[in-house]
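Reader: I would be grateful for a close look at a single part of this model, chosen by you. Please explain how that part is connected to the remainder of the chain.

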Amino acid sequence: MDTGKALDGRGKQWSVIIGVSKYRNVPSTAQLRFADRDAIDFARFLSSPNGGGFPSSQIRLLQNEEATLAAIRTALGTWLPRSAESDDLLLFFFAGHGTVENEHDGYLL
């Protein structure tokens with residue numbers, strides 16, 4: 001497989017990977033233990049030949065305190081749109097807390 005190419009061979013592969021185990025203003029009993037490690041492991045997998053051989057320059061990994069609202073907006077709203085093209089493969093991975101509001105609206109925290 002040609003490194004950095006999507007499975008169909010037409011485009012490139014891009015990924016934003018977020019893993020948050022440590023949250024501010026969350027009690028220690030509600031903190032997660034492995035979300036940040038899951039994100040690291042998934043990024044390593046994507047970089048491997050079995051995971052598609054994503055080049056590290058085409059993966060954005062944000063963990064714990066790096067995963068700020070500004071950094072996530074930059075990755076999803078600026079970096080991806082400026083980098084990816086119509087035939088490219090985009091992969092988003094999130095490991096962390098979520099919540100539901102009004103029984104219908106879900107949010108990643």
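Author: Helices (H or I, at least four residues) and strands (E, at least two) are here DSSP runs, numbered from the N terminus. The part chosen is strand S1, which covers residues 13-19 and includes Gln13. The model is a predicted one, in which local features need pLDDT of at least 70 and side-chain atom pairs pLDDT 80 or more, while totals for chains, interfaces and linings use all residues. Residues are numbered from 1 along each chain as its sequence is written, and side-chain values use heavy atoms, without hydrogens or water.

The setting of the strand may be given first. The protein chain contains two helices and five strands, and these follow one another along the sequence in the pattern β-α-β-α-β-β-β. The C-alpha trace of the protein chain extends over about 45 × 25 × 25 Å along its principal axes. Of the 109 residues in the chain, 32% are buried, where buried means under 20% relative accessible area, exposed over 50%, and partly exposed in between, with a 1.4 Å probe and protein chains only.

Gln13 counts as buried because its relative accessibility is 1%. Two neighbours of this residue can be named. The C-alpha atoms of Gln13 and Leu89 are 4.8 Å apart in space, although 76 residues separate Gln13 from Leu89 in sequence. A polar atom of the Gln13 side chain, in turn, lies 3.0 Å from the backbone oxygen of Gly52. The surroundings of this buried residue of S1 thus include residues from elsewhere in the sequence, Leu89 and Gly52.

Trp14 leads from the strand to the aromatic pairs. Three such pairs are found in a search of the whole structure; rings of Phe, Tyr and Trp (its six-membered ring) pair if their centres lie within 6.5 Å, and planes under 30 degrees apart count as stacked, over 60 as edge-to-face and the rest as tilted. Trp14 forms an edge-to-face pair with Trp79, at 5.5 Å centre to centre and with 80° between the planes. Because Trp14 belongs to strand S1 and Trp79 to helix H2, the pair ties together parts that are 65 residues apart in sequence. Both partners are buried: Trp14 has a relative accessible area of 7%, and Trp79 one of 11%.

A second pair joins Phe42 and Phe93, and this one is stacked because the planes of the two rings stand at 15°, with the ring centres 4.5 Å apart. Phe42 lies in helix H1 (residues 35-47) and Phe93 in strand S3, so here too parts distant in sequence are tied together, in this case 51 residues apart. Phe42 counts as partly exposed, because its relative accessibility is 22%. Ring pairs link Phe42, Phe45 and Phe93 into a cluster.

Helix H1 also carries a charged pair. The structure has one salt bridge, defined as a side-chain nitrogen of Lys or Arg within 4 Å of a carboxyl oxygen of Asp or Glu. This bridge joins Arg44 to Asp41, and the closest N and O atoms are 3.7 Å apart. Both residues belong to H1 and stand three residues apart, about one turn of the helix. Unlike the buried tryptophans described above, Arg44 is exposed, with a relative accessible area of 59%. Asp41 counts as partly exposed, at 45% relative accessibility.

The loop that runs from S1 to H1 deserves a separate remark, since it holds Asn25. Most residues other than glycine have a negative phi. Asn25 is not a glycine, yet its phi is positive, about 60°. At 82% relative accessibility, Asn25 counts as exposed. Asn102 likewise has a positive phi of about 60° without being a glycine. Asn102 is located in the loop between strand S4 (98-101) and strand S5 (105-108), and its relative accessibility of 57% places it among exposed residues.

In summary, strand S1 presents a buried Gln13 whose side chain has a polar atom 3.0 Å from the backbone oxygen of Gly52. Through Trp14, which is paired with Trp79, the strand is tied to helix H2. The loop between S1 and H1 contains Asn25, and in helix H1 lie the salt-bridge partners Arg44 and Asp41.

Methods: Polar contact = N/O pair within 3.5 Å; in protein donor to acceptor, adjacent residues only side chain to side chain.
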